[in-house]
Amino acid sequence: MVGDLLLPERVYDYLVSVSVREPDILRRLREETAGLPNAVMQVPPEHGQFMAFLAQLTGARQALEIGVFTGYSSLSVALALPEDGRIVACDISEEYTAVARRYWKEAGVEHKIELHVRPAIETLNELLAAGRRNTFDFAFIDADKSSYARYYDSVLDLVRPGGLIMVDNVLWSGRVADPKETDADTVALRAFNEKVHADTRVVHSMLPLGDGVTLALKR
């Protein structure tokens, strides 16, 4: 079995074989990351490709990323953005984002990515204070689960009407569906999922991609 949601391996391998077109630089980044601590935090190739697809589908030029790790998701999106496209990327790890910076530079997209290494909420608050409400086209949230609700509210203010927010790990290996699971991250994700479900500011859909993703389209 493969992946957090236990997709049968033969089905997963088939999906990848007929769906994923992974550029060599993304493959090399994925393989290097696989040897690092916390490698499980890296999005799989079909996930990165889906993000790039969404960025192109929405005509995104301005993007937000909360949680960079070694940069697979941000590189996937940056490669899909037009030359004048920009990503504001937030993470707290100098160590892991140093890997991201190397690959961004090699791919020729480092000028598209503005990296902030500090708590993401500080960057989001700064963007709001600078008058960036309703100016972002696409956003990806994949960071500390206890802060998802705060990130979401700030990001929702920052994306434009018709802008798209993608949130990762919303099924949390199925633990959100098990009432016996009461650890802080699971409880936070369960509350977050209920919050988005009730939020009339968006049209949303939850998908069993990877560890579960939610797509929220701002009205």
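This is a short chat about the sheet, the pockets, the cavity and an aromatic pair in a predicted model.

User: Let's start with the sheet: how many strands form it, and in what order?

Analyst: Seven strands make up an open sheet, and reading across it the order is β3-β2-β1-β4-β5-β7-β6, with mixed pairing. At the edges are β3, residues 113-117, and β6, residues 202-207, each of which pairs on one side only. From one strand to the next, the twist averages 15°.

User: What does "pairing" come down to there, in general?

Analyst: Strands of a sheet pair through backbone hydrogen bonds, and the arrangement is either parallel or antiparallel.

User: And which way do β2 and β3 run, parallel or antiparallel?

Analyst: Strand β2, residues 86-91, runs parallel to β3, and five bridges join the two. If you want a place to look, Asp 91 stands opposite Val 117 in β3.

User: Which helix packs on that part of the sheet, and what does it touch?

Analyst: Helix α4, residues 72-80, packs on the sheet and touches β1 (62-66), β2, β3 and β4 (136-141), with its direction at about 175° to that of β2. Another helix to look at is α7, residues 148-158, which lies across β1, β4, β5 (159-168), β6 and β7 (213-218) and runs at about 155° to β5.

User: Switching to pockets, what is the volume of the largest one?

Analyst: The largest pocket has a volume of about 1100 Å³. Its lining is made of 50 residues, and those nearest the centre are Val 40, Met 41, Gln 42, Asp 168 and Asn 169. The elements giving two or more residues to that lining are α1 (9-19), α3 (45-57), α4, β2 and α6 (120-129).

User: How does that lining divide into nonpolar, polar and charged?

Analyst: In the largest pocket, 28 lining residues are nonpolar, 11 are polar and 11 are charged.

User: What about the second largest pocket, which residues are closest to its centre?

Analyst: That second largest pocket holds about 220 Å³ of space. It is lined by 13 residues, and Arg 21, Pro 23, Leu 26, Gln 49 and Ala 52 are the closest to its centre. Helices α3 and α4 are the elements that give two or more residues to this lining, which by class has eight nonpolar, three polar and two charged residues.

User: How many cavities of 30 Å³ or more are there?

Analyst: The count comes to one cavity of 30 Å³ or more, and the volume of the largest cavity is about 40 Å³.

User: Which residues line that largest cavity?

Analyst: The lining consists of Met 51, Ala 63, Leu 64, Glu 65, Ser 73, Ser 74, Val 77, Ile 87, Phe 138 and Phe 140. Two or more of the lining residues come from each of β1, α4 and β4, and by class the lining has seven nonpolar, two polar and one charged residues.

User: Last topic, aromatics: how many pairs are there?

Analyst: There are four aromatic pairs by the count. One of them is formed by Tyr 148 and Phe 192, which meet edge-to-face at 5.5 Å centre to centre, with 75° between the planes.

User: Where in the chain are Tyr 148 and Phe 192?

Analyst: Tyr 148 belongs to helix α7 and Phe 192 to helix α8, residues 184-198, so placed that the pair links distant parts of the chain, 44 residues apart.

Terms used: Residues are numbered from 1 along each chain as its sequence is written. This is a predicted model: local features need pLDDT of at least 70, side-chain atom pairs count only at pLDDT 80 or more; totals for chains, interfaces and linings use all residues. Side-chain values use heavy atoms; hydrogens and water are left out. Two strands pair if DSSP finds at least two bridges between them. Helices (H or I, at least four residues) and strands (E, at least two) are DSSP runs, numbered from the N terminus. Axes are lines fitted to C-alpha atoms, for helices over the stretch in contact, and angles run from 0 to 180 degrees between N-to-C directions. Contact means heavy atoms within 4.5 Å. On a 1 Å grid over the protein atoms alone, a cavity is a set of points where a 1.4 Å probe fits but cannot get out, and a pocket is an open set with protein on both sides within 12 Å along at least five of seven lines; lining residues have an atom within 4 Å of a point. Grid points are joined across faces, edges and corners, and a volume is the space filled by probe spheres set on the points. Ala, Val, Leu, Ile, Met, Phe, Trp, Tyr, Cys and Pro count as nonpolar, Asp, Glu, Lys and Arg as charged, and the others, Gly among them, as polar. Rings of Phe, Tyr and Trp (its six-membered ring) pair if their centres lie within 6.5 Å; planes under 30 degrees apart count as stacked, over 60 as edge-to-face and the rest as tilted.
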